[in-house]
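Reader: I've got a new structure to look at, and I'm not sure how to read it. Could you walk me through a few features?

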Amino acid sequence: MRLPVIKHMVAFIEENDEDYVNETIDTLEHLIDAPGLKDEELDVIGELLSNFSGALEVHKEIKAGKSQRDALNEFMKRVTGSIDK
């Protein structure tokens with residue numbers, strides 16, 4: 001996951017609507033099943049999916065009243081904590 005991408009997507013969600021990101025996630029999930037995709041292409045799609053999903057989680061925390069900074073920090077702590085285990 002890339003924090004700059006997540007921050008950028010959170011700004012997009014705030015300016016537009018989270019439905020765009022949800023629909024993009026649905027599209028990318030469907031694309032994964034396309035025949036002939038290379039491992040590198042699947043890796044890129046997976047990275048996009050994780051960043052978009054992370055942005056939705058951070059946005060949800062911001063809507064619940066957290067500052068963007070706190071929401072991003074807590075999200076990244078959860079992610080790195082799950083990787084360390």
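Author: We'll take a helix, then two residues, then some charged pairs. Before that, a word on the ground rules: this is a predicted model, where local features need pLDDT of at least 70 and side-chain atom pairs count only at pLDDT 80 or more, while totals for chains, interfaces and linings use all residues. Residues are numbered from 1 along each chain as its sequence is written, and side-chain values use heavy atoms, with hydrogens and water left out.

Reader: What should helix H1 span, going by its 13 residues?

Author: Helices here are DSSP runs (H or I, at least four residues), numbered from the N terminus. The expected span is 1.5 Å times one less than the number of residues. H1 covers residues 3–15, so it should span 18 Å, and its end C-alpha atoms are indeed 18 Å apart.

Reader: Which residues of H1 are buried?

Author: Buried means under 20% relative accessible area, exposed means over 50%, and partly exposed is in between (1.4 Å probe, protein chains only). As a general idea, an α-helix has 3.6 residues a turn, so residues three or four places apart point the same way. In H1, the buried ones are Ile6, Met9, Val10 and Ile13. Looking down the axis of H1, they fall within an arc of 105 degrees, so they line one face of the helix; that arc is taken from the directions from the helix axis to the C-beta atoms. On the face turned away from them sit the exposed residues Pro4, His8 and Glu15.

Reader: Is valine 58 buried or exposed?

Author: Buried, with a relative accessible area of 1%. Valine 58 belongs to helix H3, residues 39–63. For contacts, look for heavy atoms within 4.5 Å. Setting aside neighbours within four places in sequence, valine 58 touches Ile6, Val10, Ala71, Leu72 and Phe75.

Reader: And what is asparagine 51 in contact with?

Author: Skip the neighbours within four places in sequence again, and you get Met1, Arg2, Val5 and Ile6. Asparagine 51 is in H3 too, and counts as buried at 2% relative accessibility. A polar atom of its side chain lies 2.8 Å from the backbone nitrogen of arginine 2.

Reader: How many salt bridges are there in the whole structure?

Author: The general idea is that side chains of opposite charge can pair when their charged atoms come close. To count as a salt bridge, a side-chain nitrogen of Lys or Arg must be within 4 Å of a carboxyl oxygen of Asp or Glu. A search of the whole structure turns up four. One of them joins lysine 63 and glutamate 18, at 3.6 Å from N to O. Lysine 63 lies in H3 and glutamate 18 in helix H2 (residues 18–31), so this pair ties together parts that are 45 residues apart in sequence. Lysine 63 is exposed at 60%, whereas glutamate 18 is partly exposed at 26%.

Reader: Which residues are linked in a network of salt bridges?

Author: Glu61, Lys66 and Glu74. Lysine 66 pairs with glutamate 61, their closest N and O atoms being 3.1 Å apart, and with glutamate 74 at 2.4 Å, N to O. Glutamate 61 is partly exposed at 23%, lysine 66 is partly exposed at 31%, and glutamate 74 is partly exposed at 34%.

Conventions:
Helices (H or I, at least four residues) and strands (E, at least two) are DSSP runs, numbered from the N terminus. A polar contact is a pair of N or O atoms within 3.5 Å; within protein, one must be able to donate a hydrogen and the other to accept it, and residues adjacent in sequence count only if both atoms are side-chain atoms.
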